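Subject: Structure handover and notes

Dear colleague,

Please find below the structure I promised to hand over. My notes on it come after the sequence and coordinates, and I would be glad if you read the two side by side.

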Amino acid sequence: MNALAVDNLAVTIADKKIIRGLSLTVPRGEVHAIMGPNGSGKSTLAKVLAGHPDYVVTQGKVTMDGEDLLALEPDERARRGLFMAFQYPSEIPGVTIANFLRAAVQARLPEGEELEATDYYAKLYEKMELLGMDRSFTSRSVNEGFSGGEKKRTEILQMAMLEPKYAVLDETDSGLDIDALKVVAHGVNSLRGPNIGILLITHYQRLLNYIVPDHVHVMVGGRIVRSGRKELALELEERGYDWTREEAREMAHT
Ligand code: ADP
Ligand code: MG
């Protein structure tokens with residue numbers, strides 16, 4: 001099966017156990033949401049998938065379409081079709097979005113293959129059309145003085161241009177105003193489809209008012225304690241996260 005599959009993963013940072021036996025499969029064509037209280041290890045999972053060197057995998061494996069993801073360097077993961085979006089993208093003064101994206105697309109091409117300007121701009125404008133973005137946006141410098149929503153627009157456009165097989169979006173709690181939230185939601189909804197698997201990490205149920213996931217997973221204490229369909233997100237909104245901590249404690253004793 002074509003999927004991003006995490007199997008019995010355990011991760012430590014600075015000798016502290018953060019992820020404790022986590023399993024999760026995101027098939028191509030589906031949108032999965034991970035929700036959970038602060039400190040449950042959601043961003044840690046995203047960073048491990050990205051290949052952040054500080055995180056030590058002590059157990060388990062991660063495969064992408066059957067290939068061992070953890071054996072690949074971060075840039076190789078990206079080249080094979082993994083896209084990661086983090087909350088705080090860097091500012092690159094003096095580099096326009098158009099040029100930045102062009103370099104990003106060029107970097108994914110096989111050695112010696114040159115990206116033609118006309119092809120590139122045709123694709124860029126096609127994706128912007130799809131996402132309902134104004135063309136003038138791409139002449140601005142990357143993230144310089146951008147609002148939260150504009151940063152998200154850059155990120156979503158990058159995702160559209162790279163056409164990844166799997167996208168992991170860590171939409172951490174702070175800094176997501178309603179504008180940014182809607183950009184992410186509109187982007188994900190425009191780009192979702194049979195060729196991409198999306199893992200959407202969020203603390204907030206309200207993002208899922210705009211993106212209806214195929215599956216919802218609740219992460220507490222470094223584990224998935226509940227999985228369900230979209231209704232699970234509504235249940236979390238009503239009941240909060242306290243009850244999931246109980247379940248996590250019970251699981252820890254078994
Ligand atoms: P979430 O994204 O669910 O809020 P995180 O993955 O950011 O959770 O954090 C999970 C736990 O790991 C927290 O207790 C946090 O303090 C710890 N942690 C995360 N990154 C580091 C780090 N670089 N050094 C030490 N502890 C960390
Ligand atoms: Mg986080």
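What follows is a description of some helices, two helix contacts and a few single residues.

Please keep in mind throughout that this is a predicted model, and that the values below were computed from it.

**Helix H6 and its surroundings**

I begin with helix H6, which covers residues 178–191 and has 14 residues; at 1.5 Å a residue it should span 20 Å, and because its end C-alpha atoms are indeed 20 Å apart, the expected and the modelled span agree. The buried residues in H6 are Ala 180, Leu 181, Val 183, Val 184, Ala 185, Gly 187, Val 188 and Leu 191. The cover over these buried residues includes two helices, H4 (117–131) and H5 (148–162), together with the strands S9 (166–171) and S10 (197–202).

**Two helix contacts**

Two packed helices are described by the angle between their axes and the distance between the axes, and I give both values for each pair.

For H5 and H6 the angle is about 15° and the axes lie 7 Å apart; since angles under 35 degrees count as roughly parallel, the two helices are therefore roughly parallel to each other. The crossing of H5 with H6 is right-handed. On the H5 side the contact is made by Gly 148, Gly 149, Lys 152, Arg 153, Ile 156, Met 159 and Ala 160, which meet Asp 179, Ala 180, Val 183, Val 184, Gly 187 and Leu 191 of H6. Sorted by class, the residues of this contact between H5 and H6 are seven nonpolar, three polar and three charged. Among the H6 residues in this contact, Ala 180, Val 183, Val 184, Gly 187 and Leu 191 also appear among the buried residues of that helix.

The second pair is helix H3 (residues 97–108) with H4, which pack at an angle of about 110° with their axes 11 Å apart. That angle makes H3 roughly perpendicular to H4, and the crossing of the two is right-handed. From H3, the residues Ile 97, Ala 98, Asn 99, Leu 101, Arg 102 and Val 105 meet Ala 117, Tyr 120, Tyr 121 and Leu 124 of H4. This contact of H3 with H4 consists of eight nonpolar residues, one polar and one charged.

**Helix H1 and a buried leucine**

Helix H1 (residues 42–50) is mostly covered, with seven of its nine residues buried; these are Lys 42, Thr 44, Leu 45, Ala 46, Val 48, Leu 49 and Ala 50. After H1 comes Gly 51, which has a positive phi near 95°.

Leu 49 also turns up among the contacts of Leu 82, a residue of strand S6 (residues 82–85). Leu 82 has a relative accessible area of 6% and is therefore buried. Setting aside residues up to four places away in sequence, Leu 82 touches Leu 4, Leu 49, Met 64, Leu 69, Arg 77, Tyr 166 and Val 168.

**Positive phi values**

Most residues other than glycine have a negative phi, and I therefore list two residues that you may wish to look at in the viewer.

Asn 8, in strand S1 (residues 3–13), has a phi near 50°, which is positive although the residue is not a glycine. Its relative accessibility is 37%, so Asn 8 counts as partly exposed. Beyond its neighbours within four places in sequence, Asn 8 is in contact with Gly 21, Leu 22, Ser 23, Gln 59 and Gly 60.

Ala 14 likewise is not a glycine and has a positive phi, of about 45°; Ala 14 sits in the loop between S1 and strand S2 (16–27). At 74% relative accessibility, Ala 14 counts as exposed.

**His 215**

Finally, His 215 lies in strand S11 (residues 215–220) and, with a relative accessible area of 22%, is partly exposed. Apart from neighbours within four places in sequence, His 215 has contacts with Glu 30, Val 31, His 32, Ala 33, Gly 228 and Arg 229. From His 215 to Ile 13 the C-alpha distance is 28 Å, with their positions 202 residues apart in sequence.

With best regards

Note on methods
Residues are numbered from 1 along each chain as its sequence is written. Chains are lettered from A and ligands numbered from 1 in the order in which they are written. This is a predicted model: local features need pLDDT of at least 70, side-chain atom pairs count only at pLDDT 80 or more; totals for chains, interfaces and linings use all residues. Side-chain values use heavy atoms; hydrogens and water are left out. Helices (H or I, at least four residues) and strands (E, at least two) are DSSP runs, numbered from the N terminus. The expected span of a helix is 1.5 Å times one less than its number of residues. Buried means under 20% relative accessible area, exposed over 50%, partly exposed in between (1.4 Å probe, protein chains only). Contact means heavy atoms within 4.5 Å. Axes are lines fitted to C-alpha atoms, for helices over the stretch in contact, and angles run from 0 to 180 degrees between N-to-C directions. Angles under 35 degrees count as roughly parallel, over 145 as roughly antiparallel, 65 to 115 as roughly perpendicular and the rest as oblique. A crossing is left-handed if the near helix is turned anticlockwise from the far one by less than a right angle, and right-handed if clockwise. Ala, Val, Leu, Ile, Met, Phe, Trp, Tyr, Cys and Pro count as nonpolar, Asp, Glu, Lys and Arg as charged, and the others, Gly among them, as polar.
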